[in-house]
Amino acid sequence: MSDAPTRPLPAVTREMAPFWDAARRHQLVVQRCEDCGALRFPAREVCSRCLSRRAGWQPVSGRGTVFSVAVMHQANHPAFAAEVPYAVVVVELEEGVRIVSSIVDVPAREIPIGLPVEVVFDDVTPEITLPRFATRAGPSSRPGSPGPP
Ligand code: ZN
């Protein structure tokens, strides 16, 4: 098995290091502007809303819905050859930010737009934990939603 191609891992940039540190602790965080409060992902140096450079990191719920799905029929890296077709999804979190990820429990061609999902953490190496997403119960189970009359 040692001659199997190694999966490419995300390059941890200085800007995104707090995100990967949190993922290792199984926590999902996004960058937050300290002046206007706008959440953003991936991290950027300047707030696109107010141009502030002051930013911190905030834990988010990890709950969201599938915003878009792209099904890959060709492996763009040899390590993914056995997984074709696989899906790259964009998840819109309840907090409004969108994260590119993958779904762990639904076949690539069967992932519906709007699917309610929540984050799960895939410890790939001691350094890298990938936040991925799994199906969760629908929005009706959300606390505070109106029940039957
Ligand atoms: Zn701002």
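Here are three short exercises on this predicted model, each with a worked solution.

**Exercise 1: the sheet**

Work out which strands stand at the edges of the open sheet, and why one side of each lacks a neighbour.

*Solution.*
- Start with the strand order: the 5 strands run E6-E5-E4-E7-E8, and their pairing is antiparallel.
- Now look at the ends of that order. Strand E6 (98-101) and strand E8 (129-135) each have a single partner strand, so one side of each is left without a neighbour in the sheet.
- To finish the picture, add the twist, which averages 40° from one strand to the next.

**Exercise 2: around E7**

Find out how E7 is joined to E4, and which helix lies across E7 and E8.

*Solution.*
- Take the pairing to begin with: E4 (residues 63-72) and E7 (residues 116-123) run antiparallel, with 3 bridges between them.
- Zoom in on Gly64, and you'll find that its bridge partner in E7 is Val117.
- Then bring in the helix. H1 (residues 17-24) is the one lying across E7 and E8, and its angle to E8 is about 65°.

**Exercise 3: Ser52**

Decide whether Ser52 is buried or exposed, and say what its side chain pairs up with.

*Solution.*
- Locate the residue: Ser52 sits in the loop that links strand E2 (39-40) and strand E3 (55-59).
- Check its relative accessibility, which is 9%. The cut-off for buried is under 20%, so Ser52 counts as buried.
- Next, list its contacts, skipping neighbours within four places in sequence: Cys33, Asp35, Glu45, Val46 and Cys47.
- Finally, pick out Asp35, whose side chain makes a polar contact of 2.4 Å with the side chain of Ser52.

Note on methods. Residues are numbered from 1 along each chain as its sequence is written. This is a predicted model: local features need pLDDT of at least 70, side-chain atom pairs count only at pLDDT 80 or more; totals for chains, interfaces and linings use all residues. Side-chain values use heavy atoms; hydrogens and water are left out. Two strands pair if DSSP finds at least two bridges between them. Helices (H or I, at least four residues) and strands (E, at least two) are DSSP runs, numbered from the N terminus. Axes are lines fitted to C-alpha atoms, for helices over the stretch in contact, and angles run from 0 to 180 degrees between N-to-C directions. Contact means heavy atoms within 4.5 Å. Buried means under 20% relative accessible area, exposed over 50%, partly exposed in between (1.4 Å probe, protein chains only). A polar contact is a pair of N or O atoms within 3.5 Å; within protein, one must be able to donate a hydrogen and the other to accept it, and residues adjacent in sequence count only if both atoms are side-chain atoms.
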